[in-house]
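Dear colleague,

I am passing on a structure that you have not worked with before. Please look through the sequence and the model first, and then read the notes that follow.

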Amino acid sequence: LCVKTGEIFYSENTQTDDRVDKEASSKVGALSMVVVPLKHDEDTVGVLKIVSDKTSFFSDHDICVLSIVGDIMASLMYYAARYATDELFYNATHDALTELYNRSAFYDQLFQITALSKQKTINFAVIMIDMDGLKVINDTYGHKAGDEAIKEFAARLKNVSRGVDIVARLGGDEFGIILKNITHKYEIDLVINRI
């Protein structure tokens, strides 16, 4: 009823209130209860219910506080449901330091484009790159400096590659680029020369 109407319901005595399942309330010892809709905009996404083993237990103040808590919870639930999946997917497919694709996403993309190239005539290239001098930077200036060098190297790789290409950090100082939609060999050479 609360979900259907979007209204707050207070039952001072569940055993005399026709809106309440008396048997279920009796089993759990709920003699009074407040049910607040969890609403985001105009959509009810759930309910928040508090119960007491005493009749007429809740005050108007309790109901007001519960209503505020319900509004906060509804908003959190709505945004968590809406954005959590996108954020989890991003974190699962991207390197935390460089924000490039990670090894898993790189090999997944490579598998997909390889499978696609067997069905159609699709030309692509794979470039594997090791960053030289990282050990010296780490040993001389520390790992924070090494991380900054990796981030700068990643940003430069991203800037010189084409928008359709997959640029990934495969781990440590190893990077990979999948050049998609290659029509001529010179396109590969152009990217390599820019790198």
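To begin with one residue, is Asn193 buried or exposed? Asn193 is exposed, because its relative accessible area is 64%, and the cut-off for that word is over 50%. Asn193 belongs to helix α7, and its C-alpha atom is separated by 9.4 Å from that of Val160, although the two positions lie 33 residues apart in the numbering of the chain. Please keep in mind throughout that this is a predicted model.

The overall picture

The protein chain contains seven helices and six strands, and in sequence order these are arranged as α-β-α-β-β-α-α-β-α-α-β-β-α. The radius of gyration of the protein chain is 29 Å, well over the 16 Å that the globule rule gives for 195 residues, so the chain is more spread out than a compact globule. Taken along its principal axes, the C-alpha trace of the protein chain spans about 85 × 50 × 30 Å.

Of the 195 residues in the protein chain, 32% are buried. The area that the protein chain exposes is about 12,600 Å², and 55% of it is supplied by carbon and sulfur atoms. As for charge, the protein chain carries 21 positive and 29 negative side chains, and the centres of these two sets lie 6 Å apart. When contacts between residues at least 6 apart in sequence are considered, 49% of them join residues at least 24 apart.

The nonpolar cores

The largest nonpolar core has 17 residues, and those with the most contacts inside it are Ile127, Ile129, Met131, Leu157, Phe175, Ile177 and Leu179. Two or more residues of this core come from each of β4 (125-130), α6 (143-160), β6 (174-179) and α7 (185-194), and among these elements α6 gives the most, with four residues. A second core, separate from this one, consists of eight residues, including Val36, Leu38, Phe58 and Leu66.

Within the largest core, Ile129 is worth following by eye, for beyond the residues up to four places away in sequence it touches Phe153, Leu157, Asp173, Glu174, Phe175, Ile177 and Ile195. The last of these partners, Ile195, is found in the segment after α7, and Ile195 counts as partly exposed because its relative accessibility is 41%. With residues up to four places away again left out, Ile195 touches Ile127, Ile129, Leu157, Val160 and Ile177. The C-alpha atoms of Ile195 and Leu157 are 6.6 Å apart in space, while the two residues are 38 apart in sequence.

Loops and individual residues

Two residues have a positive phi without being glycine. Glu99, with phi near 65°, has its place in the loop between α3 (60-93) and α4 (103-119), and Glu99 counts as exposed because its relative accessible area is 54%. Asn181, with a positive phi of about 55°, lies in the loop between β6 and α7.

Glu99 can also be related to helix α6, in which Ala155 lies: from C-alpha to C-alpha, Ala155 and Glu99 are 9.2 Å apart in space, and they are 56 residues apart in sequence. Ala155 itself counts as partly exposed, since its relative accessibility is 35%.

What does Asn138 touch, once residues up to four places away in sequence are not counted? On that basis Asn138 touches His143 and Gly146. Asn138 lies in helix α5 (residues 134-141), and Asn138 is buried because its relative accessible area of 18% falls under the 20% cut-off.

Finally, Gln15 lies in the loop between β1 (9-11) and α2 (22-28), and Gln15 counts as partly exposed because its relative accessibility is 31%. Leaving aside the neighbours of Gln15 within four places in sequence, its contacts are with Lys22, Ser25, Ser26, Ala30 and Leu31. Between Gln15 and Ser75, which are 60 residues apart along the chain, the C-alpha atoms are separated by 33 Å.

With best wishes

Note on methods:
Residues are numbered from 1 along each chain as its sequence is written. This is a predicted model: local features need pLDDT of at least 70, side-chain atom pairs count only at pLDDT 80 or more; totals for chains, interfaces and linings use all residues. Side-chain values use heavy atoms; hydrogens and water are left out. The radius of gyration is taken over C-alpha atoms; the globule rule is 2.2 Å times the number of residues to the power 0.38. Buried means under 20% relative accessible area, exposed over 50%, partly exposed in between (1.4 Å probe, protein chains only). Contact means heavy atoms within 4.5 Å. Accessible areas come from the Shrake-Rupley method with a 1.4 Å probe; for residues, only the protein chains shown count as cover. Lys and Arg count as positive and Asp and Glu as negative; His and the chain ends are not counted. The place of a charge is taken as NZ of Lys, CZ of Arg, CG of Asp or CD of Glu. A nonpolar core is a set of buried Ala, Val, Leu, Ile, Met, Phe, Trp, Tyr and Cys residues joined through side-chain atoms within 4.5 Å.
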